[in-house]
Amino acid sequence: MFCSKIVRSVLAAVLLSCAAAVPAQKLINGYEPKWWKEAVVYQVYPRSFKDSNGDGIGDLPGITSKLNYLQKLGVNVIWLSPHFDSPNVDGGYDIRDYRKIMAEFGTMADFDRLLAGIKQHHMRLIIDLVVNHTSDENKWFVESRSSKTNPYRDFYIWLPGHTAPDGTRTPPNNYPSYFSGSAWTLDPKTNEYYLHYFTVHQPDLNWENPKVRQDVYSIMRFWLDKGIDGFRMDVIPLISKPTGMPDLTAEQLKDPPNAYANGPHLAEYLREMNREVLSKYNVMTVGEATGTSLAQTGSLVDDRRHELGMIFNFDAALLRHPDFGPPQLGPWSLPALKAIYDSHALVLNKHEWDTVFLSNHDSPRVVSTFGDDSPEMRVSSAKLLETMILTLRGTPFLYEGDELGMTNYPFKKLADFEDVAVKNNYKAEVETGKTSAASFLAVQAQFTRDNARTPMQWDSSPQAGFTTGTHPWLAVNPNYKQINAAQEEKDPASVLNYVRTLIKLRSHTLAFVYGDYQDLDPKDEKIYAYTRTLGEKYLVIENFSSSPVTYTLPDGLKAATLLLSDIPGSREANVSTLHLAPWESRIYKQ
Ligand code: GLC
Ligand code: CA
């Protein structure tokens, strides 16, 4: 009796101490380790990746046929841009049926085969969750607009607007749309305005309605139960609208995304989504944080809040052009770019995981924007940019074709473009006489999202091997004979082979994932030199210029063992003064 009492109390004490010390997962440099923090993500824009049936449109079987290529590249996660049934007004970001595949992309069986193939190739899949808005052909909106008493009326945001004494109608407020014009459209059937931050065909959902939220969660479960590994969440900070939706002030009109983003209920919705859906799966989430400042990052991703895993902050990617209003491409400087990454290191704490990216389906090609896409400099500058993205802190995101150093397309006339943003802006800027067609088109050529959407360049056969047809949905870049995967495969000095080596190095080096970051020389106009330290120290040096640079490291520091240079034959080691070729980047182990 006595003995068993002791046993029992010892047992209780042991159990108690176990409960008190539930072994917290071992932190690495203060960070909670997660598979998605260690992953390299590769974005596939399905329409442009690979066409399997010759109709000129990329499709799901096309992606499945390229899984060996992606596995060999070394990426761990594929982010698939929208693959859902859609009238395709905005590249599929206008969803008609969330549980159906875009007919041109294939069938649900093709999706299941793609997902199974991705798993067999030891990769994971995240899909695009576009739930700030739907297509106007979505059955919810078809119902909603049919009458003021329809049960789906409150799925969207309807308001009567203003009526002048002479009967003239004006919108409820002065909100501009991302794609020019008012964000409100008067619907004749019920004589009320509906809100659309994007095109008139993309009505915004009313997240204040709990039924909307429950329907979104059920769509999420539908895909998660198939085995996907998470979501990229389209314009997620926009789902909670500003209280009362008053007019934007003159100041706010300078940056509407910031005024629209991070509304009063955002945290509540994200937490509910996390509690009801995400927390039940081992998934990765990344929010497209339009309008969100660096300081606001913590209010979306802090891991103690149980909301999102990470977000895309656009400060670096948008250094050269705004994401709102008439397009313009401005100059940029290396110190300005470094200042952005330095501020991330300073502002974000160990609970706020970051992303690193300079490209996606909405930006021009990275080498044409931040590198030098001339024939002499393209290869080394593309390699340098990938070096930076894969060695900075945060989960790196590459966009299809970056690994080949694909460039902007030589767009000339309006008919060359597909993007609805270009067409709408043309109406607003050129047809109203604000800008000449020639200067508008010249800027668009450098800036348009279509630059990212020209077909992947697989080989030197007609249409770059993207399609066996003769009419790809968007023209293939005429430089495909020089820039394509087949030819880069054979060339040991190609961007492709370099990026493979780089991804391997990153994947085996936790210092590039969780290590501390230090910018050694924030002011230098040509050289970006930084260290990543996690016990071991790595030094990365990048010459962001098209001329050779002799550079002496600060504080008597020496570059020790050369691990990798993007210039074949480069071998300086154990030196403090480096002789860098144009756009050379090097990684040293210290
Ligand atoms: C996001 C998408 C973009 C789309 C917009 C509206 O910014 O990345 O392609 O046009 O949302 O859905
Ligand atoms: Ca096809």
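Modeller: Ligand 1 sits in the largest pocket. By the way, this is a predicted model, where local features need pLDDT of at least 70, side-chain atom pairs count only at pLDDT 80 or more, and totals for chains, interfaces and linings use all residues. Residues are numbered from 1 along each chain as written, chains are lettered from A and ligands numbered from 1 in written order, and side-chain values use heavy atoms, without hydrogens or water.

Biologist: What makes you say that ligand 1 "sits in" the pocket?

Modeller: More than half of its atoms must lie within 2 Å of the pocket's grid points. The pocket is an open set of points on a 1 Å grid over the protein atoms alone, with protein on both sides within 12 Å along at least five of seven lines. Ligand 1 is counted as sitting in the largest one.

Biologist: Which residues are closest to ligand 1?

Modeller: Asp-90, His-133, Asp-234, Glu-288 and Asp-362, out of 14 that surround ligand 1. To count as near, a residue needs a heavy atom within 4 Å. By class, that shell has four nonpolar, three polar and seven charged residues, with Asp, Glu, Lys and Arg counted as charged.

Biologist: Why is the Asp-90 pair with ligand 1 called a polar contact?

Modeller: A polar side-chain atom of Asp-90 lies 2.5 Å from a ligand 1 oxygen, and the cut-off for a pair of N or O atoms is 3.5 Å, so the pair qualifies. Asp-362 also has a polar side-chain atom 2.5 Å from an oxygen of ligand 1, while for an N or O atom in the side chain of Arg-449 the distance is 3.0 Å. The protein covers 95% of the 310 Å² of accessible area that ligand 1 has on its own, by Shrake-Rupley with a 1.4 Å probe.

Biologist: How do you know that β12 and β13 are paired?

Modeller: Pairing takes at least two DSSP bridges, and three join β12 (residues 284–288) to β13. Val-286 has Met-310 in β13 as its bridge partner. These strands belong to an open parallel sheet of eight, ordered β13-β12-β11-β5-β2-β1-β15-β14.

Biologist: What makes β13 and β14 the edges?

Modeller: β13 (310–312) and β14 (355–356) each have a single partner strand, so one side of each is left without a neighbour in the sheet.

Biologist: Which strands make up the antiparallel sheet of three?

Modeller: The order is β6-β10-β9. β6 and β10 (residues 192–195) share two bridges, which just reaches the minimum of two; β9 and β10 have four. Tyr-193 of β10 partners both Leu-159 and Leu-186. In the β9 and β10 hairpin, with four residues between the strands, Asn-191 takes a positive phi near 60°.

Key: Polar contact = N/O pair within 3.5 Å; in protein donor to acceptor, adjacent residues only side chain to side chain. 1 Å grid on protein atoms, 1.4 Å probe; cavity = no way out; pocket = protein on both sides within 12 Å on 5 of 7 lines; lining within 4 Å.
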